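Q: Please take a close look at the salt bridges of this protein chain. Which side chains meet in them, and where do the partners lie?

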Amino acid sequence: MRWLVLGCLLLVAACGRPGLEDPSMGGPKLDLEDYFNGDLVAYGQFQDRFGTVLRRFEVEMQGRWDGEVLTLNEDFTYEDGTTENRLWTLRKTGEDTWEGTAPGVIGVAKGEERGDVFNWAYSIDLPVPDGKLRVSFDDWMWRLDERRVLNRAYVDKFGVEIGEVIIFFEKR
């Protein structure tokens, strides 16, 4: 009986997420190397699985595309004044596929672009007050227009959704 309940929970946790086959939102093609090349600002929040906002943040980003590698330098400032830096290194592995690494990421993040949408998945050790929390991200981005991208990431622990991160990116 316990396995049946666990299976049902996992099935429910996987329902309702976007797919690369979903209809376009009508925005321009995302092209990570174009959109994220330059200076951006982002505003976001983490909310638990019940919708309670637990943390808000702002991110100053500098992206650089050198023709082979996209480097994203992200400086987070949280509402409580704490800061964090994350440096992503992304490599284009095919016409629409990417791999990325960053400190704390377990292994390699893998992603795919399709039109105005990008999806990638990875596990990461996030810093928390009493150490680190290992979680998995199912991360979705949609290009809304020339300057804006909407990001919604589903955060799982042991295959069960524990929350979401919602971010709004804007090119400067």
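A: In this predicted model, the protein chain exposes about 9700 Å², and carbon and sulfur atoms supply 56% of that area. Of its 172 residues, 41% count as buried. The secondary structure comes to 2 helices and 10 strands, and along the sequence both helices precede the strands. Within this framework, the count of salt bridges comes to 19.

One of them joins the side chains of Lys29 and Asp96, with a distance of 3.9 Å from N to O. Lys29 lies in the loop between α1 (2–14) and α2 (32–35), whereas Asp96 lies in the loop between β4 (83–92) and β5 (97–101); the pair therefore ties together parts that are 67 residues apart in sequence. Lys29 is partly exposed, its relative accessible area being 41%. Asp96 is also partly exposed, with a value of 28%.

Another salt bridge is formed by the side chains of Arg55 and Asp80, at 3.6 Å from N to O. Arg55 belongs to strand β2 (residues 53–65) and Asp80 to the loop between β3 (69–78) and β4, so this pair ties together parts 25 residues apart in sequence. Arg55 counts as partly exposed at 27% relative accessibility, and Asp80 counts as partly exposed at 48%.

A further salt bridge links Arg148 and Glu170, whose closest N and O atoms are 3.4 Å apart. This pair connects distant parts of the chain, since Arg148 is in strand β9 and Glu170 is in strand β10, 22 residues apart. Arg148 is partly exposed at 26% relative accessibility. Glu170, by contrast, is buried because its relative accessible area of 17% falls under the cut-off of 20%.

The two strands that carry this last pair deserve attention in their own right. Strand β9 (residues 148–157) runs antiparallel to β10, and 10 bridges join them. Among the paired residues, Ala153 has Val165 in β10 as its bridge partner. The hairpin of β9 and β10 has 2 residues between the strands, and Phe158 takes a positive phi near 55 degrees there. Strand β10 (residues 160–171) is also joined to strand β1 (residues 38–48) by 9 bridges, again in an antiparallel arrangement. In that pairing, Ala42 has Phe169 as its bridge partner in β10.

Finally, salt bridges can also link several residues together. Arg17, Asp138, Asp156 and Glu161 are linked in a network of salt bridges.

Methods
Residues numbered from 1 in each chain as written. Predicted model: local features only at pLDDT ≥ 70, side-chain atom pairs only at ≥ 80, totals over all residues. Heavy atoms only, no water. Helix = DSSP H or I, 4+ residues; strand = E, 2+ residues; numbered from the N terminus. Buried < 20%, exposed > 50% of the residue type's maximum accessible area, 1.4 Å probe, protein only. Areas by Shrake-Rupley, 256 points an atom, 1.4 Å probe, with all protein chains shown as cover. Pairing = 2+ DSSP bridges. Salt bridge = Lys/Arg side-chain N within 4 Å of Asp/Glu carboxyl O.
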